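Reader: I'm new to looking at protein models and I'd like a close look at a single part. Could you walk me through the empty spaces inside this one, and who sits around them?

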Amino acid sequence: MNRRDFIRYGTAASLSLVACQAQAGRTPITRKALPIPPLKKPDVRNGIDQYDLTIHEAKHLFFDGVATRTYAIDGTYLGPTLLLERGHKVSINYTNRLKEVTTMHGHGMHVPARMDGTAHQTIAPGTTWSAIYTVNQRACTNWYHPHAMGKTAEQVYKGMAGLILIEDDESRALDLPRRYGIDDIPLVLQDRHFDRGQIDYSPSMPEIMHGYVGDTFLVNGAIEPIFDAEAKELRLRILNGSNSSIYALGFVEGLTMQQIATDNAFLEAPVAMQKLVLSPGERAEVILDLGRHSGKTFELYDYYNKKSFMTIRVSKKPTATTTLPIRLTTLERLDPAKAVRTRRFVLEGRMMRLMINGKSMDMGRIDEKVPVGETEIWEVENTMPMHHNFHIHATHFEPIDRDGKAENIYPNERGHKDVILVPSGSTVRFVVRMSDYTDPATPYMYHCHFLEHEDNGMMGQFAVV
Ligand code: C2O
Ligand code: CU
Ligand code: CU
């Protein structure tokens with residue numbers, strides 16, 4: 001029996017305690033219940049929603065009887081889920097108890113550059129840095145992660161990341177599952193290399209270039225966990241939280257996913273799909289209708305890397321009902337015909353350095369000055385024999401085409417995105433507008449979100465002027 005059959009057999013036979021072998025180091029594991037990151041509600045002080053978070057070294061149990069050294073926020077791996085309310089003033093206070101410098105970026109957050117948590121807003125060991133702003137964007141699933149120069153990949157790999165959920169009146173008015181941990185479930189998907197039970201971050205040069213894909217796949221910090229679902233609609237908020245892995249997600253049993261939200265907002269209407277492709281940093285919210293599947297199990301599988309992520313077991317009676325709406329929202333659209341300019345970004349590699357437009361990242365250089373309020377087209381070309389993606393801070397964008405063809409933008413990408421896959425040899429265009437928060441002195445960043453690429457130079461800076 002190969003490992004995959006073994007897992008499947010185990011899944012069918014006895015779901016509670018199926019021991020299997022993690023491939024790296026053959027460390028035994030017991031399949032756990034899916035851990036749900038605790039939901040962090042704010043402490044209201046001086047009319048501000050305060051979220052106090054501590055970044056520290058910790059030990060996490062990935063394997064039976066092995067304490068794995070990690071970096072984490074509050075807990076032992078990853079961090080709590082922050083629930084932010086649109087219109088509220090928030091202060092997210094990060095205290096760094098590590099022995100090294102870090103930063104904490106709110107990925108997908110529409111905030112002033114000084115509050116963005118890029119490589120410029122460093123948090124020295126023993127100090128606290130606060131991201132203070134008014135939540136000024138639509139309901140969506142964002143995340144926070146470090147962004148320190150040259151350190152992002154390793155710090156994320158050790159466990160630093162967490163989700164930020166934004167809710168607003170519109171999201172609450174939709175008949176969607178929203179009972180966190182019951183029918184509204186965050187899934188932080190990652191893969192890791194382990195060496196004798198310890199996280200092993202040691203990519204070779206080819207792995208830096210082609211992707212450092214680990215042999216152990218994790219969901220919320222657990223190896224192939226099991227989730228017990230109610231026999232009703234289930235909402236999954238999925239983050240590709242990996243360093244450099246593309247995932248093509250689907251259910252082995254052929255369950256349809258209805259995608260309701262992409263990176264920065266709901267889609268206008270649900271998009272039905274069998275396979276969901278997510279590159280690093282991308283998010284998708286999907287609804288599964290488990291109403292008629294009582295007693296069945298479904299395996300969430302990555303068809304790209306041929307690995308199993310987790311099992312959903314429909315074992316509980318519904319304690320609420322929801323009915324997926326046919327329409328979800330209306331998105332404000334930018335008209336590409338009104339664009340005042342096109343900016344070009346060429347992703348390239350030379351002499352083992354990764355670059356955008358012939359330049360590797362330099363914190364002292366602002367590459368682009370983007371005037372506030374002007375509609376622009378950004379054109380990103382990947383000249384390399386490997387896949388990249390492209391992420392911008394500060395706001396979302398709307399994809400226009402890939403290789404000149406609008407139909408190469410998939411229905412689930414026709415929304416408000418902040419990361420987009422730019423496959424080898426292809427060109428992606430999107431339309432974007434910086435709506436506010438000018439600060440000529442403090443840049444935001446754009447980069448490939450394959451963290452090894454970002455750390456090795458494939459990043460640039462723009463200021464909104
Ligand atoms: Cu998710 Cu510049 O980052
Ligand atoms: Cu970001
Ligand atoms: Cu890349």
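Author: Start with the lining of the largest cavity, which by class has 10 nonpolar, 2 polar and no charged residues. Keep in mind that you're looking at a predicted model. The volume of this largest cavity is about 60 Å³. If you want to find the spot, click on Ile92, Tyr94, Met104, His105, Gly106 and Met109, which are among the residues that line the largest cavity. Val111, Met115, Trp129, Ala131, Tyr133 and Ile164 belong to that lining too. Now look at the strands: β8 (89–96), β9 (105–107) and β10 (128–134) each put at least two residues into the lining. The largest share, 3 residues, comes from β10.

How many cavities of 30 Å³ or more does the count come to? The count comes to 2. The second largest has a volume of about 30 Å³, and here the lining divides into 3 nonpolar, 2 polar and 4 charged residues. The charged ones show up when you read the names: Lys359, Arg365, Asp367 and Glu368 are in the lining, along with Ile356, Asn357, Tyr446, Met459 and Gly460.

Next, the pockets. The largest pocket holds about 380 Å³ of space. Its lining has 17 residues, and Glu332, Thr395, His396, His416 and Ser435 are the ones nearest the centre of the pocket. By class, that lining splits into 2 nonpolar, 9 polar and 6 charged residues. Domain 1 (39–173) and domain 3 (336–464) each give at least three residues to the largest pocket.

The second largest pocket comes in at about 300 Å³. Of the 20 residues lining this pocket, Leu276, Val277, Tyr410, Asn412 and Glu413 are closest to its centre. Four strands, β21 (257–262), β22 (265–273), β23 (276–278) and β24 (283–289), give two or more residues each to the lining, with the largest share, 3 residues, coming from β23. The lining of the second largest pocket has 10 nonpolar, 4 polar and 6 charged residues. Here domain 2 (184–316) and domain 3 (336–464) each supply at least three residues.

While you're there, have a look at the copper ion (ligand 3), which is held by His388 (ND1), Cys448 (SG) and His453 (ND1) at 1.9 to 2.1 Å. His388 lies in strand β31 (residues 388–392) and Cys448 in the loop between β35 (444–447) and α5 (451–455), so this pair ties together parts 60 residues apart in sequence. His388 is buried, at 0% relative accessible area, and Cys448 counts as buried at 0% relative accessibility.

How values were computed
Residues numbered from 1 in each chain as written. Chains lettered and ligands numbered in written order. Predicted model: local features only at pLDDT ≥ 70, side-chain atom pairs only at ≥ 80, totals over all residues. Heavy atoms only, no water. Donors = N, O, S within 2.8 Å, 3.2 Å for Na, K, Ca; no water. Buried < 20%, exposed > 50% of the residue type's maximum accessible area, 1.4 Å probe, protein only. 1 Å grid on protein atoms, 1.4 Å probe; cavity = no way out; pocket = protein on both sides within 12 Å on 5 of 7 lines; lining within 4 Å. Points joined across faces, edges and corners; volume = space filled by probe spheres on them. Nonpolar A, V, L, I, M, F, W, Y, C, P; charged D, E, K, R; others polar. Domains from an automatic or database assignment.
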